[in-house]
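Subject: A structure for you to look at

Hello,

Here is the structure I promised to pass on to you. Have it open while you read, and I will walk you through what turned up.

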Amino acid sequence: PLTIIRSRVEIVKRAEDPQKRLEKIAKIERYLDYLVTLLDQLQFMATLDTAESLPLTPKDVNSILEFSVQNVRARPGNQELKFQLDLQKKLPLVAVNADIFGRAIGNLLDNAAAFTPAGGTITVHTHRENEKVVIEIRDTGHGIKPKDLTRVFERFYKADEARALSTGGAGLGLSIVKRIVELHHGTIEVESTYGEGATFRIVLLQENPQSA
C-alpha cells in the first residue's frame, strides 16, 4: 500500500486534469483507510495474543447482539441490507467481556455485510443447546469456496484480494474473532455453500449451568 500511495502522489503532482487529480486522490484515501484498518487490527491482535485471560462478567448475549446489529445497520451502504434478529428469549447468561465480544460480533456482521449484495439478508440467531449458548450469523451473500473454508480464520488470508481491498479488509478480521472466542472459552466454525451465503456459529458455555 505504501508503494502505491507514493506512486499516486507522484501522479497527482504531475496531473493537469482536475478530474484525474481527484480520482488519484480518492485512490490514495482508499489505501490510507486500508492502512489505518491494518494497523488498528495488528495492534489489537497483538494485545489479544499477549492476553492469557479476559475479565468476564455474566451477561445476556442477546443485548450485545442487538446493539451490534444496530451499529452495523447504521453504517453507510448497509441500508439496502435486511437485518433479522431471531433471538431466543430468556437465554442463559454467559461470561463475557462485553466490549471485546461485541467487537467480535461487529467483525462478523461487517464481514457478512461486505459479501452480501443489496437486498440480501443477514440473520442473527441464538438458542440454548444443553449447557451451551449458540450464536449464529447467517447471510445470503456470495458464500465461501470450498478451498477457502478451512483457511478463513488464518491471519492475513483473503480469499478475494480485490474485494478485500475495496471493503477495507486486511485479512485479520476473522482471526481476531477466533482469538476473542477462544479467550471466552468458546468455539467458532463456519459452513457455506458457494453462491448461497455463509453461516458462522459461535458456541459458548452458559454461566453456572447447574443453577439454570
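Let's begin with a question: which residues of α7 are buried? They are Gly173, Leu174, Ser175, Ile176, Val177, Arg179, Ile180, Val181 and Leu183. Please keep in mind that this is a predicted model.

Helix α7 covers residues 173-183, and nine of its 11 residues are buried, so the helix is largely enclosed by the rest of the structure. What does the covering? The elements over the buried residues of α7 include two helices, α2 (18-50) and α4 (98-114), along with the strands β6 (187-192) and β7 (198-205). Try showing these elements together with α7 on your screen.

Now follow the chain onward. Just after α7 you will meet His185, which has a positive phi of about 60°.

Positive phi values also turn up in two loops. One belongs to Lys90, a residue other than glycine, whose phi is near 55°. You will find Lys90 in the loop between β2 (82-87) and β3 (94-96). Is Lys90 buried or exposed? With a relative accessible area of 83%, Lys90 is exposed, since exposed means over 50%.

The other loop residue is Asn130, which is not a glycine either and has a positive phi of about 55°. Asn130 sits in the loop that links β4 (121-129) to β5 (132-139). Its relative accessible area is 68%, so Asn130 counts as exposed too.

Happy exploring, and write back with any questions!

Best wishes

Terms used: Residues are numbered from 1 along each chain as its sequence is written. This is a predicted model: local features need pLDDT of at least 70, side-chain atom pairs count only at pLDDT 80 or more; totals for chains, interfaces and linings use all residues. Side-chain values use heavy atoms; hydrogens and water are left out. Buried means under 20% relative accessible area, exposed over 50%, partly exposed in between (1.4 Å probe, protein chains only). Helices (H or I, at least four residues) and strands (E, at least two) are DSSP runs, numbered from the N terminus. Contact means heavy atoms within 4.5 Å.
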